[in-house]
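Colleague: Got a minute to walk me through this one? I'd like to go over the helix packing, the chain contact and the DNA strands.

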Number of protein chains: 2
Amino acid sequence: MADPIPDLKTIQIFYWTATLGSFSRAAEHLNTTQPAVSHRIAALERAFGLTLINRGTRHLSLSPKGHELLGYAERLLRLHGEMVGAMTVPATQSGSLRLGVSETIVHTWLTAFIDRMGRTYPGVAIDLSVDISPAMRDALLRRDLDLAFLVGPVTTPRLVNVPLGRFSTAWIASPRLPIAAGPVDLADLTRHPIITFPPNTMPHTHLRDLLAQADLPPLRLYTSASLSAIIRMAIEGTGIGAIPAEVVRSEIDRGQLRVLDARVRLPDVTFVAAYENAPDQGLSAAATQIALEVAADWIAMNPGHGNP
Amino acid sequence: MADPIPDLKTIQIFYWTATLGSFSRAAEHLNTTQPAVSHRIAALERAFGLTLINRGTRHLSLSPKGHELLGYAERLLRLHGEMVGAMTVPATQSGSLRLGVSETIVHTWLTAFIDRMGRTYPGVAIDLSVDISPAMRDALLRRDLDLAFLVGPVTTPRLVNVPLGRFSTAWIASPRLPIAAGPVDLADLTRHPIITFPPNTMPHTHLRDLLAQADLPPLRLYTSASLSAIIRMAIEGTGIGAIPAEVVRSEIDRGQLRVLDARVRLPDVTFVAAYENAPDQGLSAAATQIALEVAADWIAMNPGHGNP
DNA sequence: AGAGGTTACGGGCAGCGTAAGGATC
DNA sequence: GATCCTTACGCTGCCCGTAACCTCT
């Protein structure tokens, strides 16, 4: 009845080798050397007495039994991660979380999120980077990020999407800009430059579609990857901002900006937390829970916005 | 991203410590020493930063978190065992299986079972012991057996029961015994000694109940733990055997014994495979599958008996 | 005093990393 | 020759087992 127990570490190494399709990439991912990976895979195959990975030139492929094992490996690692997550008291959890966020999040509840993360997981270091959503999507897929709060959904089966809330995009302008107080239509708006996010972002695409349909004078569409820059330009009367009203709440309160009452509404923008659907992303999942709470709190404190 | 991986072996040690309620018993079960168990449990608690096991005097108890972990541990070990079972090609499986069987099984399909096990799992050594069912039940619970084919069901949540087939108990006698050919009733039967299994076995109990209800002359109930001895006595006319007809098929064919046409039928006896419901009993489960097949084959080759 | 758990210590070996050796494009 | 996997080899450090100690009945 003596149990020959193939180590979890071996299973983990197999999992990542199979998933990443390369011994060396698996080694890199697991902070070890390529020979170590090679060894353990060989040992695993020897233990089972069968071939798991066909070493094709250039690319690896899994044998039928290899595929079978991969299924078990994922379930096993996920269950293990769940167990560790359930047992580890948050305060003692350590590690690092490479987090990417949209600037919109920075201007709404990021501070609250960082605060609560710091209090809940004092041992976790957050590596923050702010970027536009498409860039973060790529970074997630490249595994340069563990978690991102971005405009979604991100339609890739490899990523988990968790909705965090909706922002309504509004037309924002300086009160000094000569625009009627009552409902204005598209022609009135486009007399001024429209300032929004860079190409390939969702607000930009929506805006392009909207303005392409109408028969309008030559369009001036200013873009900036920096939300602050957009806000600054709007305040200074450079043009009309097409951004979530929520991020300029204080400027509106101070009278530096106002929300225009336009006949044409811009589509809402949904923010999601996205992270790789891998067995070792327990911390990302936990952080997403915190983000959900923080986002809900923020919505409660900023009535009239976010999820209905 | 660096994963602190609590070893499966640690989980296994925790599982058995919790299950057996003692460090030393766990050590014994896992073929290691008690300090090794102590160390790893301590290390596990240190890793999680919490107490899992309350070292009460005389008896251990689990903390709430310990209970939680036990649940995960069982799922994890079971999944792992399943994985190993699925990956290991049977021919390379090794180990030993402590098997207990009722003598009835010996006289029916045990040989076929041993044959097929030997062919399917050439690396597995079977330690066979033949005994009466109650004794085997206790042996299973004492973990002196891994698997038993016995009269069931065994009503203990700790054991898995898998029905293997039903045998109808019959009245068997030598043709030389002066008994009418037509239907006979209880009084006719009890003029002779009744020979059956020892006290505490199911056939014996049934027989006692049956005969206690009737108003009969002094009863001579001979018992033997050896089925062969019962058969021998029946053949020699010592008495009437109350045993499954299936086990004396050849004697009946040779005319040494005949099945009496009695008005009173004895209850069927159900055989089951029973083994402990623990994560490391994959081999027992596999052997039970073999037994199911063999029993089904045997029933097919001996029409009129077994499962309808 | 004895059963059962903890602590202390030395030694074996698994598994890691470095480095050199194929194979394939 | 560049890339990727395998093989060789020495070494570290983990973990095990022995043994002595502690504690409670």
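Colleague: At roughly what angle do the axes of helix α6 and helix α12 of chain A cross?

Modeller: Bear in mind that this is a predicted model. The axes of α6 (residues 110–120) and α12 (residues 282–301) of chain A cross at roughly 135 degrees and come within 9 Å. That makes α6(A) oblique to α12(A).

Colleague: Left-handed or right-handed crossing for α6(A) over α12(A)?

Modeller: Right-handed: that is how α6(A) passes α12(A).

Colleague: And which residues make the contact there?

Modeller: From α6(A) you have A:Ala112, A:Phe113, A:Arg116, A:Met117 and A:Thr120. Facing them, α12(A) puts in A:Ala287, A:Ile290, A:Ala291, A:Val294, A:Asp297 and A:Trp298. By class, the α6(A) and α12(A) contact has 8 nonpolar, 1 polar and 2 charged residues.

Colleague: Now chain B. What angle do α6 and α12 of chain B pack at?

Modeller: About 135 degrees, with the axes of α6 (residues 110–120) and α12 (residues 282–301) of chain B 9 Å apart. So α6(B) and α12(B) are oblique to each other, and α6(B) passes α12(B) in a right-handed crossing. Contact residues on α6(B) include B:Phe113 and B:Met117, while those on α12(B) include B:Ile290 and B:Trp298. The contact of α6(B) with α12(B) divides into 8 nonpolar, 1 polar and 2 charged residues.

Colleague: OK, changing topic to the contact between the chains. How many residues does it take from chain A and from chain B?

Modeller: It takes 31 residues from chain A and 32 from chain B. On the chain A side, α1 (8–20), α4 (64–87) and β3 (95–101) each supply at least two residues.

Colleague: Which element has the largest share of that chain A side?

Modeller: That's α4(A), with 12 residues. Going by class, the side of chain A that touches chain B has 16 nonpolar, 8 polar and 7 charged residues.

Colleague: What rotation superposes chain A on chain B?

Modeller: A rotation of 180 degrees, with 0.1 Å of shift along its axis, and the RMSD is 0.1 Å. The two copies are thus related as by a two-fold rotation axis. In chain A, the C-alpha nearest that axis belongs to A:Leu8, at 3.0 Å. Both copies use the same surface, too: 100% of the contact residues of chain A recur in chain B.

Colleague: Back to α1(A) and α4(A) for a second. How do their axes cross?

Modeller: At roughly 120 degrees, coming within 9 Å. The pair, α1(A) and α4(A), is therefore oblique, and α1(A) passes α4(A) in a left-handed crossing.

Colleague: Which residues make that contact?

Modeller: On α1(A), A:Leu8, A:Ile11, A:Gln12, A:Phe14, A:Tyr15 and A:Ala18. On α4(A), the list includes A:Leu69, A:Leu70, A:Ala73, A:Leu76, A:Leu77 and A:His80. The contact of α1(A) with α4(A) has 10 nonpolar, 3 polar and 1 charged. A:Leu8 turns up here as well as having the chain A C-alpha nearest the two-fold axis.

Colleague: Right, DNA. What's closest to strand D?

Modeller: Of the 19 residues that surround DNA strand D, the closest are A:Phe23, A:Ser24, A:Pro35, A:Ser38 and B:Thr32. Two or more residues come from each of α2 (23–29) and α3 (34–48) of chain A and α3 (34–48) of chain B. The largest share of the surface near strand D comes from α3(A), with 5 residues.

Colleague: How does the surface near strand D divide by residue class?

Modeller: It has 6 nonpolar, 9 polar and 4 charged residues.

Colleague: And for DNA strand C, which residues are closest?

Modeller: A:Thr33, A:Thr57, B:Phe23, B:Pro35 and B:Ser38, out of 19 residues that surround strand C. The elements supplying at least two residues each to the surface near strand C are α3 of chain A plus α2 (23–29) and α3 of chain B.

Colleague: Which one gives the most to the surface near strand C?

Modeller: That would be α3(B), with 5 residues. The residues of the surface near strand C divide into 6 nonpolar, 9 polar and 4 charged.

Note on methods. Residues numbered from 1 in each chain as written. Chains lettered and ligands numbered in written order. Predicted model: local features only at pLDDT ≥ 70, side-chain atom pairs only at ≥ 80, totals over all residues. Contact = placed C-beta atoms within 7 Å. Helix = DSSP H or I, 4+ residues; strand = E, 2+ residues; numbered from the N terminus. Nonpolar A, V, L, I, M, F, W, Y, C, P; charged D, E, K, R; others polar. Least-squares fit on C-alpha atoms with pLDDT ≥ 70 in both. Axes fitted to C-alpha atoms, helices over the stretch in contact; angles between N-to-C directions. Parallel < 35°, antiparallel > 145°, perpendicular 65-115°, else oblique. Left-handed = near helix turned anticlockwise from the far one by under 90°. Near = placed C-beta within 6 Å.
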